[in-house]
Amino acid sequence: VSTQSTGSRWVNKGWYGSFGFKSLFKWKSNLQECCELQVDGKKVTLPRHLCGLIFLNIPSYGGGCDIWGRHVHRSSKKYKDDSEKPTLFQMPSMEDGMLEVVGLTGAFHMAQIQAKLTAGVQIAQGRSITLTLNNPLPAQYDGEPWMQKPCQISINFIGQVQMLKKVKKKKKMIKF
């Protein structure tokens with residue numbers, strides 16, 4: 001919905017809220033059937049309960065949310081054998097040249113992440129990601145949503161540039 005057709009940003013937000021609320025009850029997706037994920041040339045099996053994927057190259061998402069879970073305590077579950085143990089990932093960093101893939105189970109899961117109660121589902125890390133969509137799926141890039149037709153999306157780490165950062169000056173205090 002565009003602001004030109006509705007005439008107001010608030011009406012536009014109302015439409016997004018309405019569609020989002022309806023999708024909480026209506027939209028059920030099995031990402032395993034809808035898409036295929038490859039990271040660094042290896043096929044990655046997606047957990048069945050996921051409703052969305054997020055691809056990151058920085059350690060935060062959505063206004064500073066720690067979606068990877070660097071600050072969330074993970075349970076120390078005991079496993080019967082090594083095949084059941086989850087893959088261990090390195091901590092995300094902007095300097096490591098790696099891209100992270102995180103899964104979400106729904107809007108309630110994202111709310112829990114924002115409240116720092118849990119973290120996203122860690123799926124993979126790599127330098128090259130290929131996502132093949134077999135069916136139309138809702139997508140979002142930099143806050144702009146759309147319905148994506150079947151396609152192949154490639155995300156690659158190409159390089160890194162130096163960024164400038166303002167240095168905070170220490171305030172000089174006068175002591176008497």
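In this predicted model, V39 stands opposite K42, a residue of strand 2. The two strands concerned, strand 1 (residues 35–39) and strand 2, pair in the antiparallel sense over three bridges. The place of D40 is in the loop between these two strands, strand 1 and strand 2.

**The four-stranded sheet**

Strand 1 and strand 2 belong to an open sheet of four strands, which has the order 2-1-6-9 and antiparallel pairing. Strand 2 (42–44) and strand 9 (151–156) stand at the edges, and each has a single partner strand, so one side of each is left without a neighbour in the sheet. On average, and with direction ignored, neighbouring strands of this sheet are turned by 25 degrees against each other.

L131 is found in strand 6 (residues 128–133). Its relative accessibility is 9%, and L131 therefore counts as buried, the cut-off being under 20%. Residues up to four places away in sequence aside, L131 touches C35, E36, L37, L53, F55, C151, Q152 and I153. One of these contacts, C151, is 20 residues from L131 in sequence, while the C-alpha atoms of L131 and C151 are 8.3 Å apart in space.

**The three-stranded sheet and helix 4**

A further open sheet has three strands in the order 3-4-5, again with antiparallel pairing. Here strand 3 and strand 5 (121–126) stand at the edges; each has a single partner strand, so one side of each is left without a neighbour in the sheet. From one strand to the next, the twist averages 20 degrees. Strand 3 and strand 4 run antiparallel and are joined by five bridges. Within this pairing, L56 has E100 in strand 4 as its bridge partner.

Which residues of helix 4 (residues 107–114) are buried? They are H109, M110 and I113. Seen down the axis of helix 4, its buried residues fall within an arc of 100 degrees, so they line one face of the helix. These buried residues of helix 4 pack against strand 4 and strand 5.

**Nonpolar cores**

The largest nonpolar core has 17 residues, of which L31, L37, V39, L46, L53, V101 and I123 touch the most other members. At least two residues of this core come from each of helix 3 (31–34), strand 1, strand 4, strand 5 and strand 6. A second, separate core has nine residues, among them L56, I67, V102 and M110. V39, named above for its place opposite K42, is in contact with V44, V101, A124, Q125, G126, S128 and I129 when its neighbours within four places in sequence are left aside.

**Residues with positive phi**

Most residues other than glycine have a negative phi. Two residues with a positive value, D40 and K116, are set out below.

| Residue | Phi | Location | Relative accessible area |
|---|---|---|---|
| D40 | near 50 degrees | loop between strand 1 and strand 2 | 40%, partly exposed |
| K116 | near 60 degrees | loop between helix 4 and strand 5 | 72%, exposed |

Neither D40 nor K116 is a glycine. K116 comes just after helix 4.

**The aromatic pair**

A pair of aromatic rings is described by the distance of the centres and the angle of the planes. How many aromatic pairs does the structure hold? It holds one. The ring centres of W68 and F89 are 5.4 Å apart and their planes stand at 75 degrees, so the pair is edge-to-face, a term used for angles over 60 degrees. The pair links distant parts of the chain, since W68 and F89 are 21 residues apart, although both lie in the loop between strand 3 (52–56) and strand 4 (99–104). Are the two residues buried or exposed? W68 is buried, with a relative accessible area of 2%, whereas F89 is partly exposed, with a relative accessible area of 25%.

**The chain as a whole**

The chain contains four helices and nine strands. Along the sequence they follow the pattern α-α-α-β-β-β-β-α-β-β-β-β-β. The chain has 176 residues, of which 27% count as buried. Among contacts in the chain with a separation of 6 or more, 61% are between residues 24 or more positions apart.

Technical notes: Residues are numbered from 1 along each chain as its sequence is written. This is a predicted model: local features need pLDDT of at least 70, side-chain atom pairs count only at pLDDT 80 or more; totals for chains, interfaces and linings use all residues. Side-chain values use heavy atoms; hydrogens and water are left out. Rings of Phe, Tyr and Trp (its six-membered ring) pair if their centres lie within 6.5 Å; planes under 30 degrees apart count as stacked, over 60 as edge-to-face and the rest as tilted. Buried means under 20% relative accessible area, exposed over 50%, partly exposed in between (1.4 Å probe, protein chains only). Two strands pair if DSSP finds at least two bridges between them. Axes are lines fitted to C-alpha atoms, for helices over the stretch in contact, and angles run from 0 to 180 degrees between N-to-C directions. The arc is that of the directions from the helix axis to the C-beta atoms. Contact means heavy atoms within 4.5 Å. A nonpolar core is a set of buried Ala, Val, Leu, Ile, Met, Phe, Trp, Tyr and Cys residues joined through side-chain atoms within 4.5 Å.
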